[in-house]
Amino acid sequence: MSLVPSLTEAVAVSAPGLLAGATDWCTHPRDLGDAVRIGGTKNPDVRRIVELRPDLVIANEEENRAPDLAALRAAGLEVLVTEVRDLPQALRELDRLLVGVLGLKRPGWLADAESAWARVEPGEPLTAFVPVWRRPWMVLGRDTFAGDVLARLGVRNAYAGHAERYPRIPVEELAGAGCDLVVLPDEPYRFTAGDGPEAFPGLAAALVSGRHLTWYGPSLAEAPAVLAEALRAAR
């Protein structure tokens with residue numbers, strides 16, 4: 001049972017048919033077979049999960065709420081909680097889950113992801129802010145996986161030193177932060193060409209795939225090329 005979209009993809013691609021259930025936000029791969037949908041990452045149907053009696057529930061300390069995980073443990077289920085704050089940690093956690101815990105053969109896509117990121121050469125140094133929500137505006141702050149991914153591509157997060165991981169910043173402050181560009185992912189808030197860039201007139205906007213920026217799974221193998229192209233297009 002997976003409560004984390006990126007880990008759902010990692011398990012489903014590596015061992016099709018293994019998952020008993022997944023959240024409504026688990027969109028990749030498209031076909032999850034007989035996996036039961038058990039609600040959202042923040043509001044899973046705990047009773048339904050308990051009824052399914054999975055051998056393991058896969059969670060993440062940021063994606064999922066501690067009270068839900070505590071309720072699952074209290075019902076006698078084993079819960080594995082991952083922590084992912086940067087790329088190296090993501091690769092280690094994937095290896096721990098897939099090989100160490102699930103006993104699978106190390107998937108080829110994981111080796112491909114390691115190789116892809118090892119070959120990355122940062123582009124022209126740029127400073128950016130990265131909204132993840134609107135109304136209110138929230139951006140990437142300190143200690144985030146997506147921030148580390150961008151840093152490896154040459155993009156410094158203007159709010160990387162903020163005390164909060166996802167601070168609320170007034171749009172006026174963002175617009176006046178003196179950044180080279182704004183990076184707008186299509187999740188969790190779905191920023192588009194018509195919803196986001198207009199708030200920062202005169203500032204270059206990079207519209208990027210949220211799956212490639214924030215997911216740690218098979219998408220990691222193609223993420224460097226996909227994100228680099230989006231950044232080049234914005235410049």
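In the predicted model, Arg 106 and Glu 114 form a salt bridge in which the closest N and O atoms are 2.8 Å apart. Both partners fall in the intermediate class of accessibility, since Arg 106 is partly exposed at a relative accessible area of 34%, and Glu 114 is likewise partly exposed, with a value of 30%. This pair belongs to a structure that holds 15 salt bridges, two further examples of which are described below.

A salt bridge also links Asp 143 to Arg 85, with 2.5 Å between the closest N and O atoms. Asp 143 lies in the loop between strand 7 (138-139) and helix 6, whereas Arg 85 lies in the loop between strand 4 (79-82) and helix 4, so the pair ties together parts that are 58 residues apart in sequence. The two side chains differ in their accessibility class: Asp 143 is partly exposed, with a relative accessible area of 37%, while Arg 85, at 17%, is buried, because the limit for a buried residue is under 20% relative accessible area.

Within helix 9 (residues 223-234), Arg 232 and Glu 229 are three residues apart, which means that about one helical turn separates them. These residues form a salt bridge whose closest N and O atoms are 3.0 Å apart. Arg 232 is partly exposed, with a relative accessible area of 47%, and Glu 229 also counts as partly exposed, at 43% relative accessibility. Elsewhere, Glu 61, Arg 85, Arg 142 and Asp 143 are joined into one network by salt bridges that share partners.

The loops that carry Arg 85 and Asp 143 are followed by helix 4 and helix 6 respectively, and these two helices are themselves in contact. The axes of helix 4 (residues 87-101) and helix 6 (residues 145-152) come within 8 Å and cross at roughly 120°, so helix 4 is oblique to helix 6. On the helix 4 side, the contact involves Leu 87, Pro 88 and Ala 90, which meet Phe 145, Asp 148 and Arg 152 of helix 6. By residue class, the contact comprises four nonpolar, no polar and two charged residues.

Strand 5 (residues 126-129) is covered on both faces, with Leu 126 and Ala 128 buried on one side and Thr 127 and Phe 129 buried on the other. Strand 5 runs parallel to strand 8 (residues 155-157), to which three bridges join it, and in this pairing the bridge partner of Ala 128 is Asn 157. Strand 5 also pairs in the parallel sense with strand 9 (residues 181-185), over two bridges; here Phe 129 has Val 182 of strand 9 as its bridge partner.

Val 182 is also one of the residues touched by Ala 205, the others being Leu 184, Pro 197 and Ala 234, when residues up to four places away in sequence are not counted. Ala 205 is found in strand 10 (residues 204-208) and is partly exposed, with a relative accessible area of 25%. The C-alpha atoms of Ala 205 and Ala 233 are separated by 9.1 Å, although the two residues are 28 residues apart along the chain.

Note on methods
Residues numbered from 1 in each chain as written. Predicted model: local features only at pLDDT ≥ 70, side-chain atom pairs only at ≥ 80, totals over all residues. Heavy atoms only, no water. Axes fitted to C-alpha atoms, helices over the stretch in contact; angles between N-to-C directions. Helix = DSSP H or I, 4+ residues; strand = E, 2+ residues; numbered from the N terminus. Parallel < 35°, antiparallel > 145°, perpendicular 65-115°, else oblique. Contact = heavy atoms within 4.5 Å. Nonpolar A, V, L, I, M, F, W, Y, C, P; charged D, E, K, R; others polar. Buried < 20%, exposed > 50% of the residue type's maximum accessible area, 1.4 Å probe, protein only. Pairing = 2+ DSSP bridges. Salt bridge = Lys/Arg side-chain N within 4 Å of Asp/Glu carboxyl O.
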